[in-house]
Amino acid sequence: MSRNVISQLEQCLSPESLALAQKAGTLAAEKRLGIYLVGGVVRDTLLGRANSDLDLVVEGSAIGLAEVLAGDLGGRLVVHRRFGTAKIRTGNLVIDLAMARAESYARPGALPTVRPGSIQDDLARRDFTVNAMALRLDPGSFGKLVDPFNGQQDLESNLIRILHNQSFIDDATRMLRAVRYVQRFGFRLEASTENLLRQNVSMLGTISGDRIRHELELILKEGCPEKVLKRAEELGLLREVHPALKGDGWLQKKFEKAREVASSPSPALCFALLTYRFSEPECEDFVASLKMPGTVSRVIRDTARLRERMPSLDAPDLPPSGVYGLLQEYSPTSILACAIAAESALVQERLNLYLTRWRHVRTALDGDALQKLGIPSGPRLGEMLKALQDAKLDGKISSQEDETELVQRWLSQGR
Ligand code: ATP
Ligand code: MG
């Protein structure tokens, strides 16, 4: 039985999004093109969750329709002819339009070959039943649910279910997607989906490093990534991503702490915590196999190196200037990762003080000022500036007068 979910749509979409969906529906109907709202926004609407993504599928030229719609709305249009897709930006809204496609996989893990198709074809290539629903947007049937795989029923039963037995083989990233949705919605894997997933974990090996990394990044954006990782570990998926990865209690504590420190921890910080217990070769292997971008690689490497300095940072009589000297070459994110991961309270405190205070300490006198006090430019000037900064870090001086006095004392001592 197909439902009409206009009232839920009205609750979950903003008035602007709703008006836009209606406009798109009217324009498509004039061109006799089928048009549908698809994917996550349909699922979330049925769950009563807000979702601002407007993903539209058009039976026919999505680009042609997007041109008309963008003209009508006065929005900015970007088209990708090769994929038959278009994006319109208007005000705060982004609308994605894609041509309905049928697809086939030449080999496992390859990107699919696509051709124009119907909405049924387009839904049949999707990952899970709960993501394979559409809502009609044509004015005559606006809000009517298209649900060929009984996604609605699975939503009500809290189940993540693939559409066919070959699904994880065609595209093994779906295994990581499955655990992400299970965790996000508090759902379960449907029994035969779970069996097929367990049987096919090794298919993750068919997926490029970039695509696996992208899925990991999506997991790290979830509210509680550690729970997704724990489930991925139980299912044998995590070790396929990398053999040294763990989704255990240690990680859970550290991710919770990261969220206390930064309400939404950056991907680099999460990756640094994920790899904190790796050996250096494991870090290198992880960075290379997942094609980590330069900034994240640097944080991972810095964290691994800084971890080796923990004993020095734990020395009882190390002054702030000593901490500063040890830490200044490391990226702040790696220092934060170590502050979260360190066992020693003293080390944690020092790392935090460095991040919040010591690294910002600047002397009032600069090179020019020292020259005016009679110190010629050269290595000695640099050493004096450093000595001044150390004195300031260690609380031996605070004001500009203190600095001037100290420099004059040094000069009188022939330093
Ligand atoms: P989210 O709230 O996480 O964004 P979403 O359902 O919108 O959820 P997207 O990753 O934005 O997920 O993808 C949009 C839609 O594209 C999905 O709902 C799903 O139908 C389809 N999709 C995405 N990735 C795959 C995949 N690997 N295989 C099949 N279908 C996919
Ligand atoms: Mg989405």
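1. Strands E3 and E4 form a hairpin in this predicted model. Four residues lie between the two strands, and Gly-84 in the turn has a positive phi of about 65°. Strand E3 covers residues 76-80 and strand E4 residues 85-90; they pair in the antiparallel sense over five bridges. Leu-77 has Ile-88 in E4 as its bridge partner.

2. A second hairpin follows, made by E4 and E5 with two residues between them. Gly-91 in this turn also has a positive phi, about 55°. Strand E5 spans residues 93-99 and runs antiparallel to E4, to which six bridges join it. For Arg-89, the bridge partner in E5 is Val-94. In a regular strand, side chains alternate between the two faces of the sheet.

3. How many aromatic pairs does the structure hold? There are seven aromatic pairs. One of them joins Phe-128 and Tyr-181, with the ring centres 6.0 Å apart and 80° between the planes. This pair is edge-to-face, because the angle is over 60 degrees. The pair links distant parts of the chain, 53 residues apart. Phe-128 lies in the loop between helix H5 (119-124) and strand E8 (134-136), whereas Tyr-181 belongs to helix H8 (residues 173-185). Both residues are buried.

4. Phe-185 and Phe-187 also form a pair, with centres 5.5 Å apart. Their planes are at 45°, so this pair counts as tilted. Phe-185 is buried, as is Phe-187. Together with Phe-128 and Tyr-181, these two residues form one aromatic cluster.

5. Which charged end sits over the ring of Tyr-181? That of Arg-180 does, 5.1 Å from the ring centre. A further case is Arg-307, whose charged end sits over the ring of Tyr-276 at 5.9 Å from the centre.

6. Tyr-181 appears again at ligand 1, which has 14 residues around it. The nearest are Arg-43, Asp-171, Arg-174, Tyr-181 and Arg-184. Tyr-181 is thus a member of the aromatic cluster and one of the residues that come nearest to the ligand.

7. Oxygen atoms of ligand 1 have contacts with both side chains and backbone. A polar side-chain atom of Arg-43 is 2.9 Å from one such oxygen atom, and a polar side-chain atom of Arg-126 lies 3.0 Å from an oxygen atom of the ligand. At Asn-131, a backbone N or O atom lies 3.1 Å from an oxygen atom of ligand 1. On its own, ligand 1 has 590 Å² of accessible area, of which the protein covers 74%.

Note on methods: Residues are numbered from 1 along each chain as its sequence is written. Chains are lettered from A and ligands numbered from 1 in the order in which they are written. This is a predicted model: local features need pLDDT of at least 70, side-chain atom pairs count only at pLDDT 80 or more; totals for chains, interfaces and linings use all residues. Side-chain values use heavy atoms; hydrogens and water are left out. Rings of Phe, Tyr and Trp (its six-membered ring) pair if their centres lie within 6.5 Å; planes under 30 degrees apart count as stacked, over 60 as edge-to-face and the rest as tilted. Buried means under 20% relative accessible area, exposed over 50%, partly exposed in between (1.4 Å probe, protein chains only). A charge sits over a ring if NZ of Lys or CZ of Arg is within 6 Å of the ring centre and within 35 degrees of the ring normal. A residue is near a molecule or strand if one of its heavy atoms lies within 4 Å of it. A polar contact is a pair of N or O atoms within 3.5 Å; within protein, one must be able to donate a hydrogen and the other to accept it, and residues adjacent in sequence count only if both atoms are side-chain atoms. Accessible areas come from the Shrake-Rupley method with a 1.4 Å probe; for residues, only the protein chains shown count as cover. Two strands pair if DSSP finds at least two bridges between them.
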